[in-house]
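Work through the exercises below with the sequence and the 3D structure at hand. Each task is followed by a solution in steps.

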Amino acid sequence: MKKYNFGAGPCILPREVIEKTASAILDFNGIGLSVAEISHRSKDFQPVMDEARALVKEVLNVPEGYSVLFLGGGASLEFCMIPFNFLVKKAGYLNTGVWAKKAMKEAKLFGEVVEVASSADENFTYIPKNFEVPTDLDYLHVTTNNTIYGTELHKDLDVPVRMIGDMSSDIFSRPVDVAKYDCIYGGAQKNLSMAGVTFIIIKDDVLGRVQREIPTMLDYRTHIKKGSMFNTPPVVPIYTAMENLRWIKANGGVQAMQKLAKERAEIVYGEIDRNKLFHGTVKCEEDRSYMNICFVLNDEYADLQDEFFKFATDRGMVGIKGHRDVGGFRASCYNAMTIEGCKALVETMKEFEAKH
């Protein structure tokens, strides 16, 4: 039975990227050693780091004056590093859910934090709009896609201040106007690589403005100066990121990824809206995530939740259970998810509807 991976992360990767990583783990470039065991400073690995950084800049059309880093610690460490390096007096945060709240909590350790808007009043099932952004902010932090609740910013905001973006779960799924941001960061385990590496795209000339002492490992300048090799970087995930970026480029870049994302979303949301058993948790269509499609059973069918999960799993739908904080179901459709997989999920939902 063919399986379709709808897991929220770590998640689906292109099959050829997995195969190339597996091959490199056995024998990297024919040198008789694994990519997992060679020195990160060796002449064999340095080209991997260089190409991965260059591909990030090429695929996202990153302007001059930005550096690309590959570090450990995940996006959760960046919640601390961002205010450590950027918060001089006051920062603004758009509160769209769990990850935005976690980032805001860390920032409060370093200075004044303003919640510019929040969707907490409706359990984060929409993106706030028409909110005012104070012009005296050091930055506005936005979480562009919310994996738990299924909301997404589909285009970059127009605001009067510089932005910082947590793009953990939608990076490389659409074009981004990087010039609007002082920093873009995220865990790689959605659209970029396997778990274990964090990507950071950072504007060089905005660093060094804070007066506080920053620990060496938490200072972005340390890692820019050392080319992400101040300490040993996660070499295998960086290799996988390079191969995945090659795959994105070869398949039309972020413009093609965006077109596919819309097509997948139309297929799955279309069935959710049609099917008598289910409804989507995000009712405003413009806020619906293309990456994480969240839905639940209608109240009169709520007792079928466990049955549907087993029914879908038995038909090869992997990882569709919703986040523990919200329940229901979640079909995560990252770049590597195929149209075939989305259609298979739709047929499963139709079968279940016919059964009941």
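**Exercise 1. Decide whether C284 is buried, partly exposed or exposed, and whether C284 or C294 takes part in a disulfide.**

Solution.

Step 1. In this predicted model, C284 has a relative accessible area of 31%. Buried requires under 20% and exposed over 50%, so C284 is partly exposed.

Step 2. A disulfide requires two cysteine sulfur atoms within 2.5 Å. The cysteine sulfur nearest to that of C284 belongs to C294 and is 15 Å away, and C284 is in no disulfide.

Step 3. For C294, the closest cysteine sulfur is in C333, at 10 Å, which is too far for a bond. C294 has a relative accessibility of 7% and is therefore buried.

Step 4. The disulfide count for the model is 0.

**Exercise 2. Describe the sheet that contains β12, and place helix α8 against it.**

Solution.

Step 1. The sheet is open, has 3 strands in the order β11-β12-β14, and is paired antiparallel.

Step 2. β11 (278-280) and β14 (329-332) are the edge strands; each has a single partner, so one side of each has no neighbour in the sheet. From one strand to the next, the twist averages 30°.

Step 3. Strand β12 (residues 292-297) is joined to β14 by 4 bridges. Within this pairing, F295 is opposite F329.

Step 4. Helix α8 (residues 305-314) lies across β11, β12 and β14, at about 30° to β14.

Step 5. The loop between β12 and α8 holds D303. With a relative accessible area of 66%, D303 is exposed. Its C-alpha is 34 Å from that of S168, and the two residues are 135 apart in sequence.

**Exercise 3. Give the strand order of the sheet of 7 strands and follow the pairing from β8 to β2.**

Solution.

Step 1. The order is β2-β10-β9-β8-β5-β3-β4; this sheet is open and its pairing is mixed.

Step 2. The edges are β2 (66-71) and β4 (112-118), each with a single partner strand, so one side of each is left without a neighbour in the sheet. Ignoring direction, neighbouring strands are turned by 20° against each other on average.

Step 3. β8 and β9 run parallel and are joined by 4 bridges. I164 has C183 in β9 as its bridge partner.

Step 4. β9 and β10 are antiparallel, with 5 bridges. Here C183 is paired with I202 in β10.

Step 5. β10 (residues 198-203) and β2 are also antiparallel, with 6 bridges. F70 is opposite F199 in this pairing.

Step 6. All of β9, 7 of 7 residues, is buried, so this strand is largely enclosed by the rest of the structure.

Step 7. Helix α4 (residues 98-107) lies across β3 (90-95), β4, β5 (140-143) and β8 (163-166), and runs at about 165° to β3.

**Exercise 4. Locate K190 and list what surrounds it.**

Solution.

Step 1. K190 is in the loop between β9 (181-187) and β10.

Step 2. Its relative accessible area is 14%, so K190 is buried.

Step 3. Beyond four places in sequence, K190 is in contact with A8, G9, C11, I12, T147, S168, S169 and Y334.

Step 4. An unreviewed UniProt entry annotates K190 as "modified residue: N6-(pyridoxal phosphate)lysine".

**Exercise 5. Which residues have the most contacts inside the largest nonpolar core, and which helix gives the most to it?**

Solution.

Step 1. This core has 52 residues, and F45, L60, F70, F172, I184 and I201 have the most contacts inside it. Helix α6 (residues 235-250) gives the most, with 9 residues.

Step 2. Take F70 as a case: leaving out residues up to four places away in sequence, F70 touches M49, A52, R53, V56, L192, V197, T198, F199, S228, P233 and I238.

Step 3. There is a second, separate core of 33 residues; among them are Y4, F6, L297 and C342.

**Exercise 6. State the extent of the annotated domain and how far apart its ends lie.**

Solution.

Step 1. The unreviewed UniProt entry places "domain: Aminotransferase class V" at residues 4-344.

Step 2. The end C-alpha atoms of residues 4-344 are 8 Å apart, and the span is 32% helix and 18% strand.

Notes:
Residues are numbered from 1 along each chain as its sequence is written. This is a predicted model: local features need pLDDT of at least 70, side-chain atom pairs count only at pLDDT 80 or more; totals for chains, interfaces and linings use all residues. Side-chain values use heavy atoms; hydrogens and water are left out. A nonpolar core is a set of buried Ala, Val, Leu, Ile, Met, Phe, Trp, Tyr and Cys residues joined through side-chain atoms within 4.5 Å. Buried means under 20% relative accessible area, exposed over 50%, partly exposed in between (1.4 Å probe, protein chains only). Helices (H or I, at least four residues) and strands (E, at least two) are DSSP runs, numbered from the N terminus. Contact means heavy atoms within 4.5 Å. Two strands pair if DSSP finds at least two bridges between them. Axes are lines fitted to C-alpha atoms, for helices over the stretch in contact, and angles run from 0 to 180 degrees between N-to-C directions. UniProt positions are given in the numbering used here, feature names are shortened, and annotations may be inferred rather than shown by experiment.
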